[in-house]
Amino acid sequence: MESKKSNLHVLLVSFPAQGHINPLLRLAKCLASKGLLVTFSTTETIGHMMKEATNTKSTNIGQGELRFEFFSDGWEIDEPQRANLATWMHQLETAGRESFTELINRQSEMGKPVSCIINNPFVPWATDVAAEIEIPCAVLWVQSCAVYSIYYHFQHQLASFPNPDQRDMMLDLPSLPSLEFDDIPDFLTLNPFDSLRKVILSQFKNLDKAFCVLVDSFEELERETIEVMSRISAPIKPVGPLFRSTKNASIRGDIWKAADDCLQWLDSQSPNSVVYVSFGSVVSLSNEQLEELSAGLLKSGTPFLWVVKTPPPDMGSKPELPQGFKEEAEGKGMVVEWCPQEQVLAHSAVSCFLTHCGWNSSMECLTSGVPVVAFPQWGDQNTNAKFLIDVYGVGIRTKKTQREKDGIVVVTRDEVERCIFEVTKGPKAEEIKKNAIKWKEAAEAAVADGGSSHRNIELFVDDIQRMAS
Ligand code: UDP
């Protein structure tokens, strides 16, 4: 059992989005299980949506404790966020700096001064606040180390990146496979993403002020890239997969209510028979793509569990499934707004995951031993898909083509059907499953006592203790 390190108080700060909250909250639980007092914070507007996590303001985890506190981003809790990304990020920083500083001061007034701050680099200003108050600060990088390398090389102009007129040009970076245009995060290469590119690159603004860069990956998965990037940027400690490092799966940071009854539905399905379909928390598909995907799922004859979420207020409208789909899908599949994904991927009825390849989803399926149909949409999803398929060998990537009836570029229903077949029953299916199991076992070993990620967490806690004494 971990001994209580009651003098240490770690404060985590998450960017207010599901894909950031999950890894930060998992790290929070992991550190609390080491006997630390840990406070998880994000903005009030998103915090009040994390009902399952925050209904109990404080939870004991082993000898440690996990608490929740939120800071203002300048919006009223129920006020729709109508600003564009640049304005919204500016307001988050302006209001957040002040309110977050107050939150830290409150901890001292309560007799629980903060010993260490961990932010995720989408809120780089938290590092400035830490420096002003003279509190050591570390960051948790929530994407792969390969993506860290790509962004870093772009930001520091250490390599030539193709522009849209150079689609045949390959990108070669140390320790990474040669990347084609479509494997590179398109925030870097395509013009419509200007403001997102600025946000992405601002992650490196304060990275050198952090005493450590933790990453939700593990040594056995990205060893060479971790070594290369530790040499040229900052020391990187892989501590993942974080969702496996913590046993308190019941404290979930979902901002949508999960349909837990889908687990009973999975219980009623045959082992290794269901395709799980989800595009994470941000991506919305066009109506044309929804039409093709739903027809492809039905055509595949495979039972499916499909997450079709309603976007948060003002981030889009509820996706419209094609007319008649619900009736046709009766008895063949289940459509939910949100699901407990960790448990779904661990369920024996699930045979494969058709995913948008966000980094959390990629890590979760890779280390649950679930084969992948990669259906990336944008950003680092393209790079994650490349690695899942060509480097880790755990699936197959969908191809987009022009639809015959209207010339719109989509993944067609035939392609959806083909990919599901290939990954579950095709000639490569056995090898894909073998690779998936290999990575699951490697991840289990990394987080087990004495494993690479377990050791890195212990070293990190030692670092905090040393700096606090
Ligand atoms: N997730 C979930 N239930 C769902 C869909 C997604 O719990 O129905 C979780 C998933 O387990 C992952 C996160 O939401 O931890 C999505 O993060 P990811 O990086 O995959 O994608 P993003 O939402 O950032 O695009």
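This talk walks through some helix contacts, a nonpolar core and a few individual residues of one structure.

Thank you all for coming. Before anything else, I should say that what you have in front of you is a predicted model, and everything I describe this morning was computed from it.

Let me begin with the helix pairs. The axes of helix α4, residues 85–109, and helix α5, residues 125–133, come within 10 Å of each other and cross at roughly 40°. An angle under 35 degrees would have counted as roughly parallel, and α4 and α5 are therefore described as oblique to each other. The crossing of these two helices, α4 and α5, is right-handed. On the α4 side the contact is made by Glu93, Gly96, Arg97, Phe100, Thr101 and Ile104, and on the α5 side by Trp125, Ala126, Val129 and Ile133. If you sort the residues of this contact between α4 and α5 by character, you find six nonpolar, two polar and two charged.

While we are on α4, I would like to pick out threonine 94, which is found in that helix. Is threonine 94 buried or exposed? In fact it falls in between, because threonine 94 has 13 C-beta neighbours inside 10 Å and so counts as partly exposed. If you want a sense of distance from there, the C-alpha atoms of threonine 94 and glutamate 65 are separated by 30 Å, with the two positions 29 residues apart along the chain.

Following the chain on from α5, we come to glutamate 134, which is found in the loop between α5 and β6, the latter being residues 137–141. Glutamate 134 has a positive phi of about 60°, although it is not a glycine. As a matter of background, most residues other than glycine have a negative phi. Glutamate 134 is also exposed, because there are 6 other C-beta atoms within 10 Å.

It is useful to set cysteine 357 beside that residue. Cysteine 357 likewise is not a glycine and has a positive phi, here of about 70°, and its place is in the loop between β12, residues 350–355, and α15, residues 359–366. Where glutamate 134 is exposed, cysteine 357 counts as buried, because it has 30 C-beta neighbours inside 10 Å.

A further backbone feature concerns proline 241, which is found in the loop between β8, residues 236–238, and α10, residues 242–245. The peptide bond leading from glycine 240 to proline 241 is cis, with omega near -5°, and the background here is that most peptide bonds are trans.

Let me return to helix packing, with a second pair. Helix α12, residues 287–300, and helix α17, residues 413–424, pack at an angle of about 45° with their axes 7 Å apart, and that angle makes α12 oblique to α17. The α12 and α17 crossing is right-handed. Helix α12 contributes Glu292, Leu293, Ala295, Gly296, Leu297, Lys299 and Ser300 to the contact, while α17 contributes Arg413, Val416, Glu417, Ile420 and Phe421. By character, the residues of the contact between α12 and α17 divide into six nonpolar, two polar and four charged.

The third pair is α6, residues 145–155, with α16, residues 380–391, and these helices pack at an angle of about 130°, their axes 10 Å apart. That again makes α6 oblique to α16, and the crossing of α6 and α16 is right-handed. Here Ala146, Val147 and Ile150 in α6 meet Asp380, Thr383 and Phe387 in α16, and these contact residues divide into four nonpolar, one polar and one charged.

Now to the interior. Which members of the largest nonpolar core touch the most other members? Of the 127 residues in that core, they are Val10, Leu12, Ala28, Val38, Leu214, Leu305 and Val373. Taking leucine 305 from that list, and leaving aside its neighbours within four places in sequence, we find it in contact with Cys262, Leu266, Val274, Tyr276, Val277, Gly333, Met334, Cys339 and Val344.

I will finish with serine 14, whose place is in the loop between β1, residues 9–13, and α1, residues 18–32. Serine 14 is buried, because 31 other C-beta atoms lie within 10 Å. Apart from its neighbours within four places in sequence, serine 14 is in contact with His20, Ile21, Leu24, Thr42 and Asn120. Finally, valine 123 lies 109 residues from serine 14 along the chain, and yet the C-alpha atoms of the two are separated by 7.4 Å.

How values were computed: Residues numbered from 1 in each chain as written. Predicted model: local features only at pLDDT ≥ 70, side-chain atom pairs only at ≥ 80, totals over all residues. Axes fitted to C-alpha atoms, helices over the stretch in contact; angles between N-to-C directions. Helix = DSSP H or I, 4+ residues; strand = E, 2+ residues; numbered from the N terminus. Parallel < 35°, antiparallel > 145°, perpendicular 65-115°, else oblique. Left-handed = near helix turned anticlockwise from the far one by under 90°. Contact = placed C-beta atoms within 7 Å. Nonpolar A, V, L, I, M, F, W, Y, C, P; charged D, E, K, R; others polar. Core = buried A, V, L, I, M, F, W, Y, C linked by C-beta atoms within 7 Å. Buried ≥ 20, exposed ≤ 12 C-beta atoms within 10 Å, placed from the backbone.
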